[in-house]
Amino acid sequence: MRTQVGIIGAGPAGLVLSHLLHLHGIESVVLEARTRQYVQERVRAGVLEQNTVDLLKGAGVGERMMREGLVHHGIELRFQGEGHRIDFNALTGGRTITIYAQAEVVKDLIDARLAARGAILFEAADVSLHELEGEQPVIRFHTGDEAGQLSCDFVAGCDGFHGICRSSIPSAVLNEYERAYPFAWLGILAEVPPSSDELVYAYHDRGFALMSMRSPRLSRLYLQCAPDESIDDWPDARIWQELRSRLARSGWSLSEGPILQKGISGMRSSVLEPMQYGRLFLAGDAAHIVPPTGAKGLNLAVADVRVLAAAIAEFYRSGSRELLDGYSQTCLRRVWKVQRFSWWMTSMLHRFDSDTAFDRRRQIGELDYVTSSRAAAQSLAENYVGLPME
Ligand code: RFL
Ligand code: PHB
């Protein structure tokens, strides 16, 4: 098989890239390790920043998102039993976020690719990359018992943090910058209308909690927990009790309902530099991970592939490699700003076991500052709705 761009991974990065390339008249083949059903049902992100919404709309894949997505104009920071609203409208000149599940974005993109006769090979096993330094890289894989080979002009590594693309780059040319956090998030999806109209980020002595949602009928809630905890130690009653304590605010109550899904995920910050090696370009979680407190992972993945699609299109249009050569540098400027924001939100809102009484008071001081100073609130708001694209 031959194509112009071989894409590894059918997550948001790989699928948005494939779709944007198609709009430029460029052919691609997406190789995905899992089944279609698995990638369409995986419970992950839920917050789309304005840039992501605009891109999906502009690319003609935003129709259902516009109909079903929930547009939010602010978030609440809750601490010491009181709520403080960060008003995006007032602070960012009317920019907003949209609540629309990552799984729905993935569904819409798969439908659009398949309707345009785009090739997505699900359950592609043993994917390996070869001849990345040459003009015609080769991807080898298996579907069922059959061995396949795809030669292409470029390979896009969109296979997430545990994929094979990042490890196909010789370690001598790669730098990894990392920070692990001494906690994890326990997340649940519950069949109950959200208890507030907007997301609530809560700082509490017992640890961080977050009230989010997926639709007018589905709540998504998170609790800070220890990274080595087992979900078996968290029966539903314990989860609700903990959420009630951490989210408590006078005049407000948490609505409870059947828990449809629950899981624990670890947290880290990580950046690989450079994001390119020969004809391989890394995008999304394959190149960087952020802790979820800033709701940025999916949005950053989309920002990467926007840059990559434009660079590849420019190459085919004019033969110029200038944008391709600048890919890593262009993306990394945004990546580090988003890393900073995600780290800052995480540090401000979580309980660290190493914290002293001084640290706890400093965190309250910071929350008080962010919710009482227009300048500080504006800084949070402009990052949360998404910094401008370069
Ligand atoms: P993905 O989504 O991980 O997709 C990678 C795809 O590659 C496939 N794959 C392979 N395919 C072929 N061969 C191999 N060897 C392969 N290895 C892997 C995988 O099956 C998969 O389909 O990466 P991508 O596209 O870069 O997208 C990144 C986002 O998924 C991620 O950043 C977000 O989910 C992070 N995230 C959030 N981001 C937001 O922007 N807003 C949020 O509100 C938000 N909340 C979250 C989150 C992530 C969370 N977890 C579970 C880590 C909340 C949580 C709890
Ligand atoms: C979510 O709804 O899954 C969500 C919302 C905000 C975050 C992280 C996750 O910061």
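A residue is taken to be near a molecule if one of its heavy atoms lies within 4 Å of that molecule. In this predicted model, 14 residues surround ligand 2, and those that come nearest are Y201, S212, R214, Y222 and P292. Two of these residues make polar side-chain approaches to the ligand: an N or O atom in the side chain of R214 is 2.7 Å from an oxygen atom of ligand 2, and a polar side-chain atom of Y222 lies 2.6 Å from an oxygen atom of ligand 2. The backbone takes part as well, since an N or O atom of the main chain of T293 lies 3.4 Å from a ligand 2 oxygen. Ligand 2 taken alone exposes 280 Å², of which the protein buries 96%.

The shell around ligand 2 comprises eight nonpolar, three polar and three charged residues. At least two shell residues come from each of the strands β15 (209–215) and β16 (218–225), with β15 supplying the largest share, three residues. In terms of domains, the shell around ligand 2 draws at least three residues from domain 1 and at least three from domain 2.

These two domains are both discontinuous in sequence, domain 1 being assigned to 5–72 + 98–177 + 268–345 and domain 2 to 181–267 + 352–385. Their centres, taken over C-alpha atoms, are separated by 29 Å, and across the boundary 25 residues of domain 1 are in contact with 23 residues of domain 2.

Around ligand 1 there are 33 residues, of which E32, R42, Q102, D285 and L298 come nearest. A polar side-chain atom of E32 lies 2.6 Å from an oxygen atom of ligand 1, while an N or O atom in the side chain of D285 is 2.8 Å from an oxygen atom of this ligand. A polar backbone atom of V47 is also placed 3.5 Å from an oxygen atom of ligand 1. Taken alone, ligand 1 exposes 1,000 Å², and the protein buries 87% of that area. The elements that give two or more residues to the shell around ligand 1 are the helices α1 (12–23) and α8 (297–318), and α8 gives the most, with four residues. By residue type, the ligand 1 shell divides into 16 nonpolar, 10 polar and seven charged residues.

Several loop positions were examined for burial and backbone geometry. T96, in the loop between α5 (88–92) and β7 (97–99), is classed as buried because its relative accessible area of 12% falls under the 20% limit. Beyond its neighbours within four places in sequence, T96 is in contact with E49, Q50, V71, H72, H73 and V385.

Most residues other than glycine have a negative phi, and most peptide bonds are trans. Against this background, R117 has a positive phi, near 60°, and E123 likewise has a positive phi, near 55°. R117 is found in the loop between α6 (102–115) and β8 (119–121), and this residue counts as exposed because its relative accessibility is 79%, over the 50% limit. E123 lies in the loop between β8 and β9 (124–130). A cis peptide bond, with omega of about -5°, joins E273 and P274, and P274 is placed in the loop between β17 (259–273) and β18 (276–277).

Notes: Residues numbered from 1 in each chain as written. Chains lettered and ligands numbered in written order. Predicted model: local features only at pLDDT ≥ 70, side-chain atom pairs only at ≥ 80, totals over all residues. Heavy atoms only, no water. Buried < 20%, exposed > 50% of the residue type's maximum accessible area, 1.4 Å probe, protein only. Contact = heavy atoms within 4.5 Å. Polar contact = N/O pair within 3.5 Å; in protein donor to acceptor, adjacent residues only side chain to side chain. Areas by Shrake-Rupley, 256 points an atom, 1.4 Å probe, with all protein chains shown as cover. Nonpolar A, V, L, I, M, F, W, Y, C, P; charged D, E, K, R; others polar. Domains from an automatic or database assignment.
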